[in-house]
2 protein chains.
Amino acid sequence: MVAKASNSDAQDTADVRGVTAPDGSVKARLERGALNLFREHGVDGVSTRAIAEAAGVSEGAIYKHFKSKEVLAQHLFEAIHEKLYALVEEQLNAAESFDDGVLRVVKTYCKAADDDPTLFEYHLTHMFRFGVRHYPGRPDPTTLIASRIQDAIDNGACPPGNPEIKAAAALGVVLQPAAHRMAGRFEGTMTDHADQFARASLAAVKET
Amino acid sequence: MVAKASNSDAQDTADVRGVTAPDGSVKARLERGALNLFREHGVDGVSTRAIAEAAGVSEGAIYKHFKSKEVLAQHLFEAIHEKLYALVEEQLNAAESFDDGVLRVVKTYCKAADDDPTLFEYHLTHMFRFGVRHYPGRPDPTTLIASRIQDAIDNGACPPGNPEIKAAAALGVVLQPAAHRMAGRFEGTMTDHADQFARASLAAVKET
DNA sequence: CGTTAGTGAGTGAACGCTCACTTACTTTCA
DNA sequence: TGAAAGTAAGTGAGCGTTCACTCACTAACG
């Protein structure tokens with residue numbers, strides 16, 4: 001899951017790898033085409049004809065790769081969801097302290113938003129459609145973050161409180177600005193402000 | 001726009017008044033029925049036949065009150081949007097200091113979420129569909145908050161920085177937990193945690 | 001020659017919306 | 001005062017359109 005980084009020309013698109021099929025394949029073109037359309041018009045605002053056209057294939061080709069339009073949309077959401085989980089887990093394991101963990105997770109979200117804005121925006125705007133249900137065993141970044149906050153509370157690295165609320169508040173500090181940036185409310189990349197967000201996130205975790 | 005409050009039995013539902021038509025009317029039943037369905041299934045997941053059935057009227061009745069299903073959905077979103085704007089403005093004007101203003105706004109959002117969860121959830125989940133475009137003159141709570149943050153920066157009550165980012169981070173501290181609560185990630189009302197959110201929001205504003 | 005990927009016309013269902021009509025109430029005026 | 005005319009709300013069958021999805025077919029390939 002971690003970027004190989006041995007290939008010299010695989011630098012800035014590292015986060016996208018593993019989320020979509022190999023470039024150029026019909027499946028990858030369907031995924032990218034659908035993603036672009038879903039992001040702009042929402043899943044329900046996009047027809048299978050439009051997806052096929054965007055991918056440069058016939059409508060029937062969709063059904064050689066995905067059982068339904070809904071499954072395609074879910075697959076795209078799950079892909080970014082699981083990728084984020086893996087990235088967050090990697091950074092949390094590499095963290096030297098609780099505060100360092102918060103900084104790393106915030107930077108991870110900022111980088112993900114900057115690296116593939118379309119993918120991130122789709123994830124953000126469709127959280128309520130696909131992300132609401134959380135059941136045990138599902139790789140959910142928020143649950144992971146909450147459990148690490150619980151550990152920090154036990155260790156005394158974080159003041160006591162409801163870890164789910166702390167996790168939500170900390171994430172909100174990053175995700176709401178990400179949404180506002182997508183709406184054109186401010187300029188610059190998310191990473192430009194990562195340190196601010198990290199400080200604010202940390203404060204939010206400790207105050208809630 | 002502000003509640004008249006002369007009527008003694010208009011206490012805890014005050015926030016809802018003015019958002020929908022008078023109770024019992026066909027228009028009010030259409031708005032409530034549509035709102036409940038839109039919240040649960042999304043605007044595109046609800047048919048005009050279903051709305052009519054929920055309101056206990058015929059399908060044609062919808063079009064005596066609203067030009068289209070889309071207009072009905074927009075109307076519902078705008079109603080809560082403008083109501084929130086009015087409430088936020090009222091609290092900001094009553095605030096004795098910048099810190100007090102943050103506390104009041106956070107409490108306002110918490111109360112709105114608690115008083116009419118359906119309305120608030122619809123607002124939250126459809127922000128990306130209706131709330132993305134912000135143009136001058138539109139009553140937008142976020143823009144109002146950002147402008148007050150700018151004032152505070154000018155007065156020295158708040159450290160310098162981009163007010164749009166500060167506003168987004170502060171709102172995120174409240175809205176993300178609100179979304180997580182709706183997803184069933186924690187118990188209790190939003191107001192139960194309003195003081196925590198206020199402290200965290202204030203910290204987020206000052207750290208970004 | 002069997003398998004797999006891709007085609008695209010076709011299908012039934014569901015959709016948003018319309019419209020001729022009924023009903024209930026208000027206004028007009030001899 | 002009371003019949004006639006006008007108005008607005010509500011009805012529900014039905015319209016044209018679009019939709020997701022299917023399937024008989026072809027092309028490419030080992």
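A polar contact is a pair of N or O atoms within 3.5 Å. I start my notebook with that cut-off because it lets me read one pair straight away: a phosphate oxygen of DNA strand D is 2.6 Å from an N or O atom in the side chain of A:Lys69, and this pair therefore counts as a polar contact.

**Entry 1: confidence.** I noted that this is a predicted model, and I looked up how confident the predictor is in chain A. The average pLDDT of chain A is 89, and 88% of its residues score at least 70. Over residues 1-16 of chain A, however, pLDDT stays under 50, and the model has 12 contacts for that stretch beyond four places in sequence. I leave that stretch aside, because predicted coordinates should not be read in detail where pLDDT is low.

**Entry 2: the two copies.** I then looked up how chain B relates to chain A, and found that a turn of 180 degrees, with a shift of 0.0 Å along the axis, lays chain B on chain A with an RMSD of 0.0 Å. The two copies are thus related as by a two-fold rotation axis. In chain B, the C-alpha of B:Gly172 is the one nearest the axis, at 2.0 Å. Both copies use the same surface, since 100% of the contact residues of chain B recur in chain A.

**Entry 3: DNA strand C.** Which residues come closest to DNA strand C? I found 16 residues around the strand, the closest being A:Val26, A:Ser58, A:Lys64, B:Glu59 and B:Lys69. For B:Lys69 I also noted a polar side-chain atom 2.7 Å from a phosphate oxygen of DNA strand C, while for B:Tyr63 the corresponding distance to a phosphate oxygen is 2.9 Å. The side chain of B:Arg49 has an N or O atom 3.1 Å from a base oxygen of this strand. By element, α3(A) gives the most to the surface near DNA strand C, with four residues.

**Entry 4: DNA strand D.** Around DNA strand D I again looked up the residues, and of the 16 there, A:Arg49, A:Lys69, B:Val26, B:Ser58 and B:Lys64 come nearest. Of the atoms of this strand within 4 Å of the protein, 48% belong to sugar and phosphate. A polar side-chain atom of B:Lys64 lies 3.2 Å from a base oxygen of DNA strand D, whereas B:His65 places a polar side-chain atom 2.7 Å from a phosphate oxygen. The largest share of this surface, four residues, comes from α3(B), and by class the surface has five nonpolar, six polar and five charged residues.

Notes: Residues numbered from 1 in each chain as written. Chains lettered and ligands numbered in written order. Predicted model: local features only at pLDDT ≥ 70, side-chain atom pairs only at ≥ 80, totals over all residues. Heavy atoms only, no water. pLDDT = per-residue confidence, 0-100. Contact = heavy atoms within 4.5 Å. Near = heavy atom within 4 Å. Polar contact = N/O pair within 3.5 Å; in protein donor to acceptor, adjacent residues only side chain to side chain. Helix = DSSP H or I, 4+ residues; strand = E, 2+ residues; numbered from the N terminus. Least-squares fit on C-alpha atoms with pLDDT ≥ 70 in both. Nonpolar A, V, L, I, M, F, W, Y, C, P; charged D, E, K, R; others polar.
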